[in-house]
Amino acid sequence: LVRAPLTALRRSCGFADATMAPTSSLSLLVYGLLVGAALAGKDYYKLLGVKRNADEAALKKAYRKLALKYHPDKNPDDQEGAQKKFTEVSEAYEVLSDPEKRRIYDQVGEEGLKNQQAGRGGGGRGGGFQFHGAQDPFKMFEDIFGPGGGFSGGSRFTFSAGGGGFGPGGGGGFSRGGHQRPRQVYNFDGMHRTVRKLSEARFPDASSKHIWFVHFYTAQSRRELPEEVELLAQKLGKSVKVGALDCDLHSNFCRRQRVRGDGFRLYIDGTHEDYSGASTAKAFHRYISERVPSDYVNNLLRSEQVDEFLTGCKSKGPASCIVLFTSKFETPLVLKGMAYQYRGVVAFGEVRGSNPKLSERFGIRKYPTVVAFCGGDQYATIMVDDLSSEALPDFVADLVKNGERKCVTARREAAKKRRRVHEALDPSTDFSKMKLRELREILAALGSECVGCLEKADYVRKVREAVAA
């Protein structure tokens, strides 16, 4: 079948002339067994799932699919099995993608290929060809997929230093010994960009204005954790900060903090609490929602409470009062986070359960609606109906920064509206025939309050006074 590679086999059977065929039954048996051994070994085509006439494009497509499937980073629960399959797939592609190695493999199989390589100075059995000269299938993986191979960092696995061939004694298997590539757990500039990179110099303390959820990690941290932490950070938006600190790099700091790798902590107002639940974004979020205090959000149930709340805001600045009108009865995490972040700067209130009287008083027709009262003025307002974890923080930050300018505009618009309403009203109108809701809307539009009003007659009297003024 293949003459040159079989010369040594004929001679090993006792034939002086290497071109002679075996004649005795014993020699024929030995010869057949040796030829079978030479052609035996791994079926690289079967390993890649391709036909024997597959071209380079088909080989690369099959390799990419299987390498991603069996990469150890993708199989944290069965890394030993994944290591073996990843090695075999890489070995098969290494051979079949090289025209010369493929030609020899097609003729004499895996073992024959190794013998051929050994005969060319490969170092004897087990000293066969190598991965890109470095015995490293990860190098092949990176050459095809790019640096990092689409994962958050390099692999912590490496091929052992001994031997160069495949199979027993060849050193082609994975090893955790010897030199290992450092593994980048978080890619802060890439797929984990929403998570903040923390250090000893940049770490939340009692002076931090934000609430922080921190992951303390090491190179041995479970590989799925950064993705879950990133999902959490995206869901929290700007309401709660999410950070990660490398305890390999900051080992002394982590020891002083008394934490180990894969530890999670929630930091609020200079104190912390260790998290011990499931390591999923959903579980993290539920835990944080339960722990973040609502102490900085005023629950407003009645008009008198709203009046008192707005009065207390008048001395704090142009956009110092913010109230959420909601149909729900539970304070949302984003509002609690903003109230904590801007404590002492902005007063936050909440009108829950679609409160009909307060909603009518302020003309609320949609839930949720966030209303900023300029300097506590109930008629000069700025509204937004987006309560997402990104939109509300941006709305509040913009008010704090540009509140004075925005409130000048709001007051001007409120004054124009009052004039239009006043001009449209006829003092001779029989206001007693109007509904109470209409009377309240007139007073609100005119910028007038009905302090102490209990009966409809009180509102009628106040409207007449306001219209006549």
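This is a short talk on the salt bridges and one sheet of the structure above.

The model is a predicted one. I will take the salt bridges, then the sheet.

The salt bridge count is 18. I will go through three pairs.

Start with Lys42 and Glu91, which form a salt bridge with 3.8 Å between the closest N and O atoms. Lys42 sits in the loop between helix H2 (25-39) and helix H3 (44-48), while Glu91 belongs to helix H5 (residues 79-96). The two are 49 residues apart, and the pair links distant parts of the chain. How exposed is each partner? Lys42 is partly exposed, at a relative accessible area of 22%. Glu91 is buried, at 2%. The cut-off for buried is under 20% relative accessible area, so Lys42 at 22% counts as partly exposed. This pair also belongs to a network: Lys42, Glu91 and Glu110 are linked by salt bridges.

The second pair is Asp106 with Arg52, a salt bridge at 3.5 Å, N to O. Asp106 is in helix H6 (residues 99-122), and Arg52 is in the loop between H3 and helix H4 (56-70). Here the partners are 54 residues apart, again linking distant parts of the chain. Asp106 is partly exposed, with a relative accessible area of 37%.

Third, Asp394 and Lys238. Their side chains meet in a salt bridge at 2.5 Å, N to O. Asp394 lies in helix H14 (residues 391-424) and Lys238 in the loop between helix H8 (225-236) and strand E5 (241-246), so this pair ties together parts 156 residues apart in sequence. Asp394 is partly exposed, with a relative accessible area of 36%. Lys238 is partly exposed as well, at 34%.

Lys238 follows H8 and precedes E5, and that brings me to the sheet.

The sheet is open and has five strands, in the order E3-E5-E4-E6-E7, with mixed pairing. Which strands stand at the edges? They are E3 (196-197) and E7 (271-275); each has a single partner strand, so one side of each has no neighbour in the sheet.

At the E7 edge, the partner is strand E6 (residues 263-268): E6 and E7 run antiparallel and are joined by five bridges. Within that pairing, Arg265 stands opposite Asp274 in E7.

Finally, the helix over the sheet. H8 lies across strand E4 (212-217), E5 and E6. Relative to E5, H8 runs at about 155 degrees. The loop after this helix, between H8 and E5, is where Lys238 meets Asp394 of H14.

Definitions and conventions. Residues numbered from 1 in each chain as written. Predicted model: local features only at pLDDT ≥ 70, side-chain atom pairs only at ≥ 80, totals over all residues. Heavy atoms only, no water. Salt bridge = Lys/Arg side-chain N within 4 Å of Asp/Glu carboxyl O. Helix = DSSP H or I, 4+ residues; strand = E, 2+ residues; numbered from the N terminus. Buried < 20%, exposed > 50% of the residue type's maximum accessible area, 1.4 Å probe, protein only. Pairing = 2+ DSSP bridges. Contact = heavy atoms within 4.5 Å. Axes fitted to C-alpha atoms, helices over the stretch in contact; angles between N-to-C directions.
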